[in-house]
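Work through the exercises below with the model at hand. Each task is followed by a solution in steps.

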Amino acid sequence: MASNRKKPEELRSHRWYGAQDMRAFGHRSRTLQTGFAREDFTGKPVIAIINTWSDINQCHAHFRQRAEEVKRGVWQAGGFPLEMPAITLSEPFMKPSTMMYRNLLAMETEELLRSYPVDGAVLMGGCDKTTPALIMGATSMNLPAIFMPAGPMLRGNWHGEPLGSGTDTWKYWAELRAGNINENEWREVEEGIARSPGHCMVMGTASTMTSVAEVLGLTLPGAASIPAADSNHSRMASYTGRRIVEMVWEDLKPSDILNAKSFDNAITTVHALSGSTNALIHLIAMAGRANVKLALERFDELSKQTPVLANVRPAGTKYLMEDFYYAGGLKGLLSELRDLLNVDCMTVNGKTLGENLKDAKVYNADVIRPRSNPLAASGGLTVLRGNLAPDGAVIKPTAAEARLMKHTGRAVVFKDYNDMNARIDDDNLDIDETCVLVLQNGGPLGGPGMPEWGQLPIPKKLLEKGVRDMVRISDSRMSGTSYGACVLHVAPESFVGGPLAFVRDGDMIELDVPARKLELKVSDAELAKRRAGWKQPKVVYERGYGALFADRVTQADKGCDFDFLHAGAPTPDPEIH
């Protein structure tokens, strides 16, 4: 790439800094005002460090320091770093859902990069929706960009037992409701489950999506698996800062890296990890920004041929992300999948995926299973269709009880979350363990924002009998840290008149995962009658960003992106006046 290296006067930032006019005078004088010398920025790549640090986002609590380490790398490589804060998407705190604000961060990222004198970007994220949002925005802008994952937190601990964030929250909440642990023990779990900076340390949405970023070629090799508290994470930040400067000179952009083959690699990896169901929505949206059409059928095609190799909770039996890192990390897992991957895909370090896997090894064959001993032969995630989900739904079979993968049961329907919350533990609720729990109005518009309500709680009276899993169906999502026989993302959602809106108490529902089928055992005539009597609910937000979201968001099978962000010609750079 050396022969194609940019010259300083070809840098995008030169349009702001290089002219001899009054506007450029203002740009230079204001930069000097900050205390920088001319030598700091003249003729050097300007690197935006998009930092999603915030006091309310504990997953990114170390990003203040990591941003300084990225800057160190940028300076060392001869660039000019500028830290640019962006909205943080804190999974535990942001309501009604971080999913509602993913598109806002994507828009902010794109517009930050477009409106300022930026030549390249380091994208700092990790908490669930942050990773796809940053990548979506940077892909649409198409400047050289590299992703820097936050890294998983250290494992939790309670009475000598390792705790996994999210996964053990659901587990011990059920045990508390069943009366098997007391309030003091519950508090001890609360105090021991999250004990360092970093995102969830199970194979939830955070680790799934940072792994996706790496296999897509958008991080340095091995970056996604490093625990946040490990000193290797600090060094990775500086390496990332050094590399982005060279990427600018080489003009290596997302459009040079992202294509149909690289997205196939990402889907294959998600299945091998038995990663978060949220990955389907995010990958479809990310692919759309790269002008790659990604249908749910592609997920199912690759699911059938991909073994589950990551024995990491919640699909795995006991291991967490620290164990995964020490066992060889994502590079180790990808080395086991080499023949299923497009190894000629380019990555941000200027090498192909195959070249980056040359020396990859697995050091613990129980954490990262060999192909001869997979956790499951296939089906890390499975796409379902039928008259209840004509545009698709998803389930994670490896995180559910096998007995429920072919099941027909009587529907117990909740019209929304508040209805479910009010009645789920009512002793008079007509339900047993063979029933199918159904939650309506939890989708992109119904939630609003498609919250993580899909792991509906097991009724208390059934928990007390020892029941720990039931078939549950909704148009909402569930946390990647969750588990159970949960059918999610039913599309179209009930709020817009999808068939889920017409399910009634007592209807029989058939789930057949091997056959990829989800059927409501009600005649077409009866469904038509119910549809005729249905009225569209009123949207929750009538002004502000919520109104924009309601007006332009697509359904789950289309990625829940804004329709106008996939349409039309690329947005031009601003004129400098």
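**Exercise 1. Cis peptide bonds**

Task: In which loop is P448 found, and which residue does a cis peptide bond join to P448? Do the same for P96: in which loop is P96 found?

Solution. The model is a predicted one.
- Step 1. P448 is found in the loop that runs between strand 10 and helix 18 (460-463).
- Step 2. G447 is joined to P448 by a cis peptide bond, with omega at about -10 degrees.
- Step 3. P96 belongs to the loop between strand 2 and helix 5 (98-115).
- Step 4. The peptide bond from K95 to P96 is cis, and its omega is near 5 degrees.

**Exercise 2. Strand 11 and its partners**

Task: Which strands pair with strand 11, and which way do its side chains point?

Solution.
- Step 1. Strand 10 (residues 436-439) pairs with strand 11 in the parallel sense, over four bridges. In this pairing V436 stands opposite V471.
- Step 2. Strand 12 (residues 486-487) also runs parallel to strand 11, and two bridges join them. Here I473 of strand 11 is opposite V487 of strand 12.
- Step 3. Within strand 11 (residues 471-474), V471 and I473 point one way, while R472 and S474 point the other way.
- Step 4. All of these residues, on both sides of strand 11, are buried.

**Exercise 3. A four-stranded sheet**

Task: In what order do the strands of the four-stranded open sheet lie, and which are the edge strands?

Solution.
- Step 1. The order in this open sheet is 2-1-3-4, with parallel pairing.
- Step 2. Strand 2 (80-85) and strand 4 (145-149) are the edge strands, since each pairs on one side only.
- Step 3. From one strand to the next, the twist averages 20 degrees.
- Step 4. For one pair in detail, take strand 3 (residues 120-125) and strand 4: they run parallel and are joined by five bridges. G125 stands opposite P149 in strand 4.

**Exercise 4. Positive phi outside glycine**

Task: H159 and D251 each have a positive phi although neither is a glycine. Where is each residue found, and is each buried, partly exposed or exposed?

Solution.
- Step 1. The phi of H159 is about 55 degrees. H159 is found in the loop between strand 5 (156-158) and strand 6 (161-163).
- Step 2. The relative accessible area of H159 is 56%. Exposed means over 50%, so H159 is exposed.
- Step 3. D251 has a phi of about 55 degrees. Its loop lies between helix 10 (231-250) and helix 11 (260-273).
- Step 4. The relative accessible area of D251 is 27%. Partly exposed covers values between 20% and 50%, so D251 is partly exposed.

**Exercise 5. Packing of helix 9 and helix 12**

Task: Describe how helix 9 and helix 12 cross, and state which residues make the contact.

Solution.
- Step 1. Two packed helices are described by the angle and the distance between their axes.
- Step 2. The axes of helix 9 (residues 205-215) and helix 12 (residues 278-289) come within 10 Å, and they cross at roughly 35 degrees. The crossing is right-handed.
- Step 3. Helix 9 contributes T205, T208, M209 and V212 to the contact, and helix 12 contributes N278, A279, H282, L283 and M286.
- Step 4. These contact residues divide into five nonpolar, four polar and no charged.

**Exercise 6. Two residues and their surroundings**

Task: Is P162 buried, partly exposed or exposed, and what about E175? Which residues beyond the sequence neighbours does each contact?

Solution.
- Step 1. P162 lies in strand 6. With 35% relative accessibility, P162 counts as partly exposed.
- Step 2. Setting aside neighbours within four places in sequence, P162 is in contact with R155, G156, D168, R313 and L320.
- Step 3. R298 is 136 residues from P162 in sequence, and the C-alpha to C-alpha separation in space is 36 Å.
- Step 4. E175 is found in helix 7 (residues 167-178). Its relative accessible area is 16%; buried means under 20%, so E175 is buried.
- Step 5. With neighbours within four places in sequence again left aside, E175 is in contact with N180, I181 and R468. The side chains of E175 and R468 make a polar contact at 2.9 Å.

Notes:
Residues are numbered from 1 along each chain as its sequence is written. This is a predicted model: local features need pLDDT of at least 70, side-chain atom pairs count only at pLDDT 80 or more; totals for chains, interfaces and linings use all residues. Side-chain values use heavy atoms; hydrogens and water are left out. Buried means under 20% relative accessible area, exposed over 50%, partly exposed in between (1.4 Å probe, protein chains only). Two strands pair if DSSP finds at least two bridges between them. Axes are lines fitted to C-alpha atoms, for helices over the stretch in contact, and angles run from 0 to 180 degrees between N-to-C directions. A crossing is left-handed if the near helix is turned anticlockwise from the far one by less than a right angle, and right-handed if clockwise. Contact means heavy atoms within 4.5 Å. Ala, Val, Leu, Ile, Met, Phe, Trp, Tyr, Cys and Pro count as nonpolar, Asp, Glu, Lys and Arg as charged, and the others, Gly among them, as polar. A polar contact is a pair of N or O atoms within 3.5 Å; within protein, one must be able to donate a hydrogen and the other to accept it, and residues adjacent in sequence count only if both atoms are side-chain atoms.
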